[in-house]
Structures are given as C-alpha cells and as structure tokens.
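I opened this structure to look up how its chains meet and how its sheets are built. My entries are below, in the order in which I made them.

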2 protein chains.
Amino acid sequence: MRRDAGKGEMGMRKVSRIQEVRSFLREASGRSIGLVPTMGYLHEGHLSLLRRSRKENDVTAVSLFVNPTQFGPGEDLEAYPRDLERDLALLEREGADLVFAPRPEELYFPDASTWVEETRLASGLCGASRPGHFRGVCTVVLKLFQIVGPTRAYFGEKDYQQLQVIRRMTRDLNVPTEVVGCPLVREPDGLALSSRNTYLSPEERASALRLSRCIALAREAARGGQRDARSLRETARRHLEEDPRIRVDYLELVHPETLEPLETLDGEGRLILAAWVGKTRLLDNGTLCPEAGR
Amino acid sequence: MRRDAGKGEMGMRKVSRIQEVRSFLREASGRSIGLVPTMGYLHEGHLSLLRRSRKENDVTAVSLFVNPTQFGPGEDLEAYPRDLERDLALLEREGADLVFAPRPEELYFPDASTWVEETRLASGLCGASRPGHFRGVCTVVLKLFQIVGPTRAYFGEKDYQQLQVIRRMTRDLNVPTEVVGCPLVREPDGLALSSRNTYLSPEERASALRLSRCIALAREAARGGQRDARSLRETARRHLEEDPRIRVDYLELVHPETLEPLETLDGEGRLILAAWVGKTRLLDNGTLCPEAGR
C-alpha cells in the first residue's frame with residue numbers, strides 16, 4: 001500500500017512546530033496520510049496503530065502530546081509518564097515518517113477561547129467522572145486533524161468511549177478523515193496496555209488483572225444465556241469489589257455505538273469500566289454477545 | 001490571479017450534496033479555493049465578497065444556506081427571505097464556479113451532537129442578545145470549511161462580531177484557511193446592506209438611516225477631539241433614541257480585535273450596534289479614530 005516508501009527509508013522526521021508539519025506534508029500532496037495521535041510513553045497498543053497506519057497509508061505521522069486541556073484539576077497531568085527519547089527510538093524502528101511533538105504553547109494560544117464539544121456520547125462514563133475531559137480531547141483531535149489533514153486517523157479501543165466520541169465529532173463536523181478503531185492490546189496475562197500501568201506497584205499490578213477477568217466472567221455469563229444487563233454488570237462488579245485495592249468508578253453495559261446503557265443484551269453490547277487500583281485509574285472494556293462471545 | 005478560468009467559462013455548477021462538493025473540488029486539487037458562505041437572498045455586499053474571492057483564488061465556491069442552528073426560538077428562521085432562482089442568476093452572472101445550496105438535513109444529522117464554541121469574543125454584543133447564535137455560526141462555518149477546504153474564506157464587516165469570532169475560531173482550531181474580512185457595503189444614502197432590509201416598511205427604511213448616521217455623528221465627535229467612550233456612545237445613542245420607531249439592543253465602543261469595551265479612544269475603536277427598527281433587528285458598525293476618522 002505504501003506506494004512510495006522513500007520517506008521511511010530516508011529516516012524519520014521529527015518536528016515540534018505546526019509550520020514544519022505543514023511543509024513536510026505539503027510534499028505528500030496527493031498521497032494518503034495516516035495519523036496516530038498519542039500522548040507518548042508508547043506501548044504495543046500505540047505501535048499496533050502505527051503498523052496499521054503504515055499498511056493503509058503512504059505516509060504515517062505520529063503525534064506525541066500530553067494534552068493539558070483534557071486533564072482536570074487534581075488529575076495526573078504533571079505525573080503523566082514521559083520518555084521522548086525512548087518514544088522516538090521506537091517510532092524510528094517502526095518506520096514512522098513524521099513525528100510531531102509540540103510544546104503546549106505551540107498548540108494553544110494564551111488567549112485560546114474555542115472549544116469543540118460532543119454533548120451526547122461524551123456525557124456519561126468517563127465524561128461524568130472527568131468533566132471537561134472530552135471537550136479537551138475533541139478540541140485537540142480536531143486541531144491535529146486541521147494541522148495534519150489525515151486521510152485516516154487511528155485510535156485504540158482501549159479508550160472505547162473516546163473512540164466513539166471522536167467518530168461522532170468527525171462525522172458531525174464533516175471532517176474529511178476516516179476514524180479507524182483498532183483492537184485493544186493486552187499483556188499475555190490479560191492486562192490492557194496503558195501508559196498509566198507504569199504507576200502500579202507489583203501488588204496493584206496483580207489486582208489490576210481483575211479488570212480484564214471481570215469482563216471475561218460477564219462474557220461467560222452472557223454465553224451461558226444470561227441477558228439481563230443488571231445481572232451481567234453485577235457479575236463483573238462483584239469480581240472487582242472482592243479486591244480491597246480496587247474501587248469501581250463506573251461499570252456499564254452499553255450499546256456499542258450510541259453508548260446508551262442496555263437493559264437486555266439483545267445484540268452486541270460493550271461492557272465498559274473504569275476503576276481505581278490504588279491511586280491509578282484504569283480503563284477496560286470488551287464485547288459481550290448474547291450467544292457466542294468473541 | 002485566476003490561472004484557469006475554464007470552470008467560469010464552462011458555467012457555474014450548482015449542487016446540494018456534500019459529496020458533490022467534494023468531487024467537484026477534488027478536480028481543483030492544487031488550485032486555490034475561495035469560499036463565500038452566505039444565507040442567500042444576495043445583495044451587493046455578498047457580491048463584493050464574491051468578486052474579491054474571484055480576484056484572489058482560482059476557484060470560487062459560494063454556499064447558500066439559512067443555518068437553523070444560529071437562530072434562536074422566536075427568531076426569524078421561517079421568515080428569513082429566500083429567493084434561490086434570483087441568487088443563482090446573480091451568481092452565474094458574477095462568475096461563481098460552484099454553488100452549494102444544501103437542505104438542512106444534508107448538513108445536520110438528526111442526532112448531531114457536536115458543537116464548536118468560541119467563548120470570549122462571542123459572549124457579548126450579539127452573543128448576549130442571541131444565546132447560542134455564535135455556537136451555531138461557528139459550527140456551520142467549521143463544517144463548511146471541512147466540506148470545501150477553502151484556501152480563503154470571505155466575510156463582510158457588516159457582521160463585525162461574527163467576523164472576529166470566526167477569525168478567532170479559525171486561529172484557535174488551526175484551520176488552514178485564511179479568513180478575509182471585507183468592507184461593509186452601504187446604499188447610497190448610508191443604510192448598511194442586509195437581507196433583512198426587505199422587512200422594512202418605507203417609514204422604517206427612513207428611520208433605519210439613523211443607524212449609519214449615529215456612527216457618523218460619533219466619528220465627527222471623535223475627530224473633534226472627544227475621546228471619552230461614554231460620551232461617544234451617548235452621542236450615537238441619542239440620535240437613535242430620538243426616533244420612536246427605534247429601540248437600541250446594544251451600542252458599544254470596542255477594541256477592533258478583542259471586542260473589549262473601551263473607556264477611552266486611544267487607538268482605533270469600533271462603534272458597533274444592534275437596533276430594532278419596528279420588528280426588524282439591524283446591525284451596523286464603523287471605525288472611530290482619535291484624530292482622523294476614515
């Protein structure tokens with residue numbers, strides 16, 4: 001699919017200014033551009049997005065930006081893990097063409113006053129726990145879309161609500177970018193990959209396995225014929241609450257596109273949860289099907 | 001400037017679907033595109049934008065769309081004047097290349113839930129009188145920018161606050177479009193051109209002249225040395241209030257970019273007003289300078 005692998009072979013370009021992105025991509029005119037927006041501290045989940053983008057596009061750009069406007073007061077903006085050198089080495093090895101790692105001042109004017117807000121899918125779940133979070137996400141993603149002009153943009157299903165919110169925002173605003181959702185990547189023992197896993201102590205790391213396990217338990221119950229959403233949720237929730245290190249933030253069974261809570265599992269449903277493991281808030285989610293799980 | 005006048009000579013293309021806009025403009029790849037967003041019922045003000053766009057771009061697109069999301073409850077959405085046949089004839093005569101006249105369902109999904117909001121410049125003046133108005137404006141303008149991908153977009157200074165809000169929105173969201181503001185166009189007797197002038201009775205039409213006159217009076221006072229903003233505002237307001245057909249909605253002297261109210265006319269200021277003439281709400285504005293008016 002990469003009609004011109006020239007850039008990849010000539011090595012990766014790393015820039016921090018919007019104008020540099022635009023001039024780099026001006027030369028890509030007529031070729032397809034894939035964008036992988038990240039907050040850095042890359043793991044295999046991010047790299048799976050990059051590989052998918054490289055397969056499907058002529059040029060792949062990756063952004064590394066810990067976006068301040070999606071963090072609330074008291075959240076982990078300052079503590080969020082960063083390792084630019086390691087990220088760049090990984091991206092170079094994986095064949096990214098362009099890396100955009102701006103400083104916050106490059107993306108936000110001091111008197112910035114414009115926001116992009118999705119008001120329906122973003123209102124529950126993480127949106128309820130983190131007011132303003134998705135406003136920050138939508139705003140920065142739209143900005144990156146305007147800067148890069150991607151043909152396709154890649155987001156992981158680990159942040160499932162974020163993916164659906166961005167899909168909706170992109171549709172509603174007629175942004176000419178295809179939003180591609182990619183499967184969640186897990187450790188061999190089932191833990192969903194997240195940059196925030198680095199916060200976990202060994203004991204918390206063991207407890208955190210319950211997040212994926214509780215989804216598997218609900219999936220088994222669904223496969224066994226249980227279609228009542230409350231019962232499926234309780235199956236999952238009980239497994240989390242058995243562990244005193246875990247505090248559930250939310251746990252819902254929702255429609256996979258509208259994110260509306262389900263009462264009965266008639267078609268595919270998404271079990272989606274956020275839980276504190278010690279001082280670390282982690283997300284997980286997975287598909288439940290009435291007859292056969294996936 | 002029009003390197004390829006082929007399209008103009010081949011006649012104007014009129015479309016109502018987003019996909020048709022995209023395929024028409026795909027062929028314009030590499031050429032500059034000017035966009036003139038309008039609500040139709042065109043007058044010389046709109047045509048001045050079109051002529052400017054034709055001078056500065058290879059291809060000029062005009063949109064005709066009475067955007068429902070920028071009208072509040074009880075406003076004149078239904079009554080807003082429309083005359084598509086006449087508009088198309090004018091645009092053809094003036095050499096527009098593409099006219100995009102969508103139905104509301106083409107631009108808004110029934111479950112649309114994403115909004116673009118500018119929160120600073122849009123909060124006062126018309127934003128205070130018409131809650132939600134600029135949210136609707138910003139959203140539809142961003143959508144049109146995504147659909148057309150214009151190099152430049154043209155807006156009249158008659159809607160001065162709108163122009164500044166769109167400038168700010170475009171800057172904040174890194175939209176790669178240059179926003180071009182064009183001078184207000186007036187009737188020979190001074191009335192600012194507006195599609196809503198068609199609502200005026202002959203008596204109201206005569207009263208409406210006070211809008212431009214009151215700005216001229218304030219400008220004369222400024223030229224005469226008056227720098228106190230309150231006094232300048234009162235000069236203008238008194239002239240409006242002498243006429244019982246007129247009710248002032250707002251009248252402010254503001255900084256031309258930030259739209260912050262001025263206390264003293266130190267540099268250039270913008271006198272900006274909205275007033276009801278009978279049942280018609282009209283806008284006007286103009287520059288005041290401490291020494292010499294323009």
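The entries cover the ground rules, the interface, the salt bridges and the sheets.

**Ground rules.** I worked on a predicted model, in which local features need pLDDT of at least 70 and side-chain atom pairs count only at pLDDT 80 or more, while totals for chains, interfaces and linings use all residues. Residues are numbered from 1 along each chain as its sequence is written, chains are lettered from A and ligands numbered from 1 in the order in which they are written, and side-chain values use heavy atoms, with hydrogens and water left out.

**Interface, extent.** I looked up how many residues each chain brings to the contact. Chain A gives 27 residues and chain B gives 27 residues, where contact means heavy atoms within 4.5 Å. Between them the two chains bury about 2,600 Å², and 45% of that area is on carbon and sulfur atoms. Buried area here is the accessible area (1.4 Å probe) that two parts lose on being put together, summed over both.

**Interface, polar pairs.** Across the interface of chain A and chain B I noted 23 residue pairs in polar contact, both residues at pLDDT 80 or more. A polar contact is a pair of N or O atoms within 3.5 Å; within protein, one must be able to donate a hydrogen and the other to accept it, and residues adjacent in sequence count only if both atoms are side-chain atoms.

**Interface, elements of chain A.** Which elements give two or more residues to the side of chain A that touches chain B? I found helix 2 (18-26), strand 5 (114-118), helix 7 (133-148) and helix 8 (160-172) of chain A. Helices (H or I, at least four residues) and strands (E, at least two) are DSSP runs, numbered from the N terminus. The residues on this side of chain A divide into 12 nonpolar, 6 polar and 9 charged. Ala, Val, Leu, Ile, Met, Phe, Trp, Tyr, Cys and Pro count as nonpolar, Asp, Glu, Lys and Arg as charged, and the others, Gly among them, as polar.

**Strand 5 to strand 5.** I then checked strand 5 of chain A against strand 5 (residues 114-118) of chain B: they run antiparallel and are joined by 5 bridges. Val116(A) has Val116(B) as its bridge partner. Two strands pair if DSSP finds at least two bridges between them.

**Salt bridges.** I counted 43 salt bridges over all chains, and 4 between chain A and chain B. The rule asks for a side-chain nitrogen of Lys or Arg within 4 Å of a carboxyl oxygen of Asp or Glu. Asp111(A) forms a salt bridge with Arg171(B), with the closest N and O atoms 2.9 Å apart. This pair crosses from the loop between helix 5 (104-107) and strand 5 of chain A to helix 8 (residues 160-172) of chain B. Asp111(A) also meets Arg168(B) in a salt bridge, at 3.4 Å, N to O.

**Sheet in chain B.** I traced an open antiparallel sheet of 3 strands in the order 8-9-10. Its edge strands are strand 8 (246-254) and strand 10 (280-288) of chain B. The twist averages 15° from one strand to the next. Strand 8 is joined to strand 9 (residues 269-277) by 8 bridges, and Arg247(B) stands opposite Trp276(B). Helix 10 (residues 229-241) of chain B packs on the sheet, its direction making about 160° with that of strand 8. Axes are lines fitted to C-alpha atoms, for helices over the stretch in contact, and angles run from 0 to 180 degrees between N-to-C directions.

**Sheet in chain A.** Here I looked up strand 9 (residues 269-277) and strand 10 of chain A, which run antiparallel with 9 bridges. Ile272(A) has Asn285(A) as its bridge partner.
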